[in-house]
Amino acid sequence: EEKKSLNFLEEIVETDLASGKYKSIVTRFPPEPNGYLHIGHASSICLNFGLAQKYGGYTNLRFDDTNPVTEETEYVDSIREDIKWLGFEWANEFYASDYFDQLYEYAVRLIQKGLAYVDDSTSEEIAAQKGTPTQPGRRNQYAERSVEENLRLFEEMRDGKYQDGEKVLRAKIDMTSPNMIMRDPILYRIKHAHHHRTGSKWNIYPMYDFAHGQSDSIEHVTHSICTMEFVPHREVYDWLIEKLEIFPSRQYEFARRNLSHTVMSKRKLLQLVNEKYVSGWDDPRMPTISGLRRRGYTPESIRDFAERIGVGKRENVVELGLLEFCAREHLNKIALRRMVVFNPLKVVITNYEGVEEILHSENNPEDPGAGTREMTFSRELYIEREDFMEEAPKKYFRLAPGKQVRLKSAYIIRCDEVIKDDEGNILQLNCSYFPNSKSGEDSSGIHVKGTLHWVNAKDCFPVQINEYDRLFTVEDPSGEEGDFTGYINKESLKIIEGALAEPALKNAVVHDRFQFLRKGYFTLDPDSTPAHFIFNRTVTLKDSWAK
Ligand code: ATP
Ligand code: MG
Ligand code: MG
């Protein structure tokens, strides 16, 4: 195997380990439980867990629940399930809200050091006093409050003496810093809100800048990896750790991973769900991990995708085609081959004299260990309607009057007669077969170029096929004019009822993966019942979108 060069984060970790700065590393994945995880999160998960695995450390799962929100256990549960499904295990499960007492204490420590103050200004006043990137900001009179007064006011804020927005706690850093975020950032705000874990205990909640780095430090996270928009926050991150004299976690940033033909912001995904453009967070067209799972993606293919797009500093949009390519790569190796006729046309083998016979067909030519399955062959079969053409061009290698094709794992047949109704619709093909042309023991000497999939009329059964396609018609729906929902692909789901499946598919269970010969990769949908099988198309066999 080709030795891959290290990405910039691996280089940082190797340098830190080599210099003895750390003996082992600790990373974390910090989702906010306000939605389901998507393919962008999968990159971050693979990165954080992957680094720790590679260098013998561990990763914490930390729910970043510093915003008092309504109980969202649905999101917490789905996040846990998705990370496990991707194949990763966290060392500890933490909640930022577990640290509220400790964070409060840290805030008191800053006040005591004269490094934080209670400000009574409105948010408009604070914004106006902040200045602009080219103009320094200025401090107001509240910055002159004594340590004692600040301690008392902060305690009163905590105890619920003030209304929302009446006061904030700010760090006293530098109102002239070229970095606007360093201009006395807000650390705490008053919010009389119910929190899903701490209930009504708190009337004040820490801001991101005062929660994230401190939580990292409490957990002794060595490498805190986040996306590029947090670059300007790093200065505050470092300042707080230095002034509090706590464990020196370090923040590193990488570029967000975006995917074409979809949206990734949780707000937009939620809108798709709420406005019923999709059936739910796990609709197979969603870029969520649960959607991809239901679509038939494997964890291996998603990890492979994350590996291929790699880690970088520049934001880019990755072609959806690459994700589909990764799915095909893995599914080709593991998917069981089966035959399903989507739009059936009856074929009668007029010279077939037996009742029926058993044939054997390989489950997966890519995997000799996958073995074979039994299929039956008899006088009445179905082939795909589109595999027959009455007036076929020269190079047509499928079935046509007088032409010969092989039926997969069975015999060569010839079309002798086309039966039609009064309106000229084709009802049935009468064919003859060559008894000495059986696959594996063919002595007929007949050469055919086409091989068709088929099912036996006697034992096939009807199934529903959901043919999914990309959810948006444009590469970047959020970047287009108007609302992104205007670019939804109206043909992103095509339902085919009454496809006919070979009997081996009766054993399918949810998340089994199949290649339906000549059709694509499919998986059984969880809404299937023994009386009504539904198969979701994961991807076609080839990229039909290539430009
Ligand atoms: P959104 O903007 O959709 O709400 P978020 O970044 O706020 O997403 P979080 O739950 O806070 O979502 O994300 C958890 C982690 O996943 C963060 O470390 C974040 O940087 C990372 N992450 C989120 N989206 C992406 C993405 N598209 N590419 C890479 N990492 C991402
Ligand atoms: Mg968010
Ligand atoms: Mg976030």
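Which of the 16 residues around ligand 1 come nearest? Select Pro31, Gly40, Ser44, Thr227 and Lys266: these come nearest of the 16. Keep in mind that this is a predicted model.

**Stop 1: the ligand shell.** Now color by element. Helix H2 (39–54), strand S8 (223–227) and strand S10 (257–259) are the elements that give two or more residues to the shell around ligand 1. H2 provides the largest share, four residues. Switch to coloring by residue class. The shell holds seven polar, five charged and four nonpolar residues.

**Stop 2: residues 31–41.** Select this span next. In UniProt, an unreviewed entry annotates it as "short sequence motif: 'HIGH' region". The span is 27% helix and 0% strand. Its end C-alpha atoms lie 8 Å apart.

**Stop 3: the largest nonpolar core.** This core has 88 residues. Pick out Ala42, Tyr382, Ile383, Trp454 and Val455, which touch the most other members. H2 again gives the largest share, here eight residues. A second, separate core has 29 residues, including Leu103, Tyr106, Tyr205 and Tyr237.

**Stop 4: Ile383.** Center on Ile383 and show its contacts. Leaving out residues up to four places away in sequence, Ile383 touches Val341, Leu345, Val347, Phe388, Leu399, Leu452 and Trp454.

**Stop 5: residues 451–525.** Finish here. The unreviewed UniProt entry lists this range as "domain: tRNA synthetases class I (E and Q) anti-codon binding". Over these residues the chain is 41% strand and 0% helix. The end C-alpha atoms of the range are 29 Å apart.

Technical notes. Residues are numbered from 1 along each chain as its sequence is written. Chains are lettered from A and ligands numbered from 1 in the order in which they are written. This is a predicted model: local features need pLDDT of at least 70, side-chain atom pairs count only at pLDDT 80 or more; totals for chains, interfaces and linings use all residues. UniProt positions are given in the numbering used here, feature names are shortened, and annotations may be inferred rather than shown by experiment. A residue is near a molecule or strand if its C-beta atom, placed from the backbone, lies within 6 Å of it. Ala, Val, Leu, Ile, Met, Phe, Trp, Tyr, Cys and Pro count as nonpolar, Asp, Glu, Lys and Arg as charged, and the others, Gly among them, as polar. A nonpolar core is a set of buried Ala, Val, Leu, Ile, Met, Phe, Trp, Tyr and Cys residues joined through C-beta atoms within 7 Å. A residue is buried if 20 or more other C-beta atoms lie within 10 Å of its own, exposed if 12 or fewer, and partly exposed in between; C-beta atoms are placed from the backbone. Two residues are in contact if their C-beta atoms, placed from the backbone, lie within 7 Å.
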